[in-house]
Amino acid sequence: QVQLVESGGGLVQPGGSLRLSCAASGSIGSINVMGWYRQAPGKPRELVTEITSGGSTNSADSVKGRFTISRDNAKNTVYLQMNSLKPEDTAVYYCNADIRPWGRRNQYTYWGQGTQVTVSS
């Protein structure tokens, strides 16, 4: 069974920084894209940023220049470094990964449980 476990959320003041981590575990054959989504109250879930196994990234315009995604393929872990945080970044952040389980031919999309990020003074 494959699962994603996130850590690193919390409360931070505007202009501050936080680092989120997400580790994939279980019977993993390969991991393709890993990414972060967020959902604020009353709004749909949206893509924040994503990274391929080769290191190519794609980010929402609202976070470009402030958020950086990286991954450690050896640890099956993806990170989100968030700088210059704004109140509008407040949301539940979800880790997402396209994973091919060991022994399976197809890949599936997995989600973490979510971690709350609150930006407030």
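## A pairing at the end of the chain

I99 in strand β9 and Y108 in strand β10 are bridge partners. The model that shows this pairing is predicted. Strand β10 covers residues 108-111, and β9 and β10 pair in the antiparallel sense over 4 bridges. The two strands form a hairpin with 6 residues between them. In the turn of this hairpin, G103 has a positive phi of about 85°.

## Strand β9 and its other partners

Strand β9 takes in residues 91-101, and 9 of its 11 residues are buried. The strand is thus described as mostly covered.

β9 also pairs with β4, in the antiparallel sense and over 9 bridges. Within this pairing, G35 has N96 of β9 as its bridge partner. A further antiparallel pairing, with 3 bridges, joins β9 to strand β11, residues 115-119. Here V92 is matched with Q116 of β11.

## The chain as a whole

The protein chain has 0 helices and 11 strands. Read along the sequence, the pattern is β-β-β-β-β-β-β-β-β-β-β. Among contacts between residues at least 6 apart in sequence, 56% join residues at least 24 apart.

A compact globule of 121 residues would have a radius of gyration near 14 Å, and the chain agrees with this because its own value is 14 Å. Along the principal axes, the C-alpha atoms fill a box of roughly 50 × 25 × 25 Å.

## Surface and charge

Of the 121 residues in the protein chain, 40% are buried. The chain exposes about 6400 Å², and carbon and sulfur atoms supply 45% of that area.

The side chains include 12 positive and 8 negative ones. The centres of these two sets lie 6 Å apart.

## Two residues: S21 and G42

S21 is found in strand β3, which covers residues 18-25. Is S21 buried or exposed? Its relative accessibility is 19%, and buried means under 20%, so S21 counts as buried. Leaving aside residues up to four places away in sequence, S21 touches V5, E6, S7, W36, V78 and Y79.

G42 is found in the loop between β4 (28-39) and β5 (46-51). G42 counts as exposed because its relative accessibility is 88%, and the cut-off for exposed is over 50%. G42 and T115 are 73 residues apart along the chain, and their C-alpha atoms are separated by 17 Å.

Key
Residues numbered from 1 in each chain as written. Predicted model: local features only at pLDDT ≥ 70, side-chain atom pairs only at ≥ 80, totals over all residues. Heavy atoms only, no water. Rg over C-alpha atoms; globule rule 2.2 N^0.38 Å. Buried < 20%, exposed > 50% of the residue type's maximum accessible area, 1.4 Å probe, protein only. Contact = heavy atoms within 4.5 Å. Areas by Shrake-Rupley, 256 points an atom, 1.4 Å probe, with all protein chains shown as cover. Lys, Arg positive; Asp, Glu negative; His and termini not counted. Charge placed at Lys NZ, Arg CZ, Asp CG, Glu CD. Pairing = 2+ DSSP bridges.
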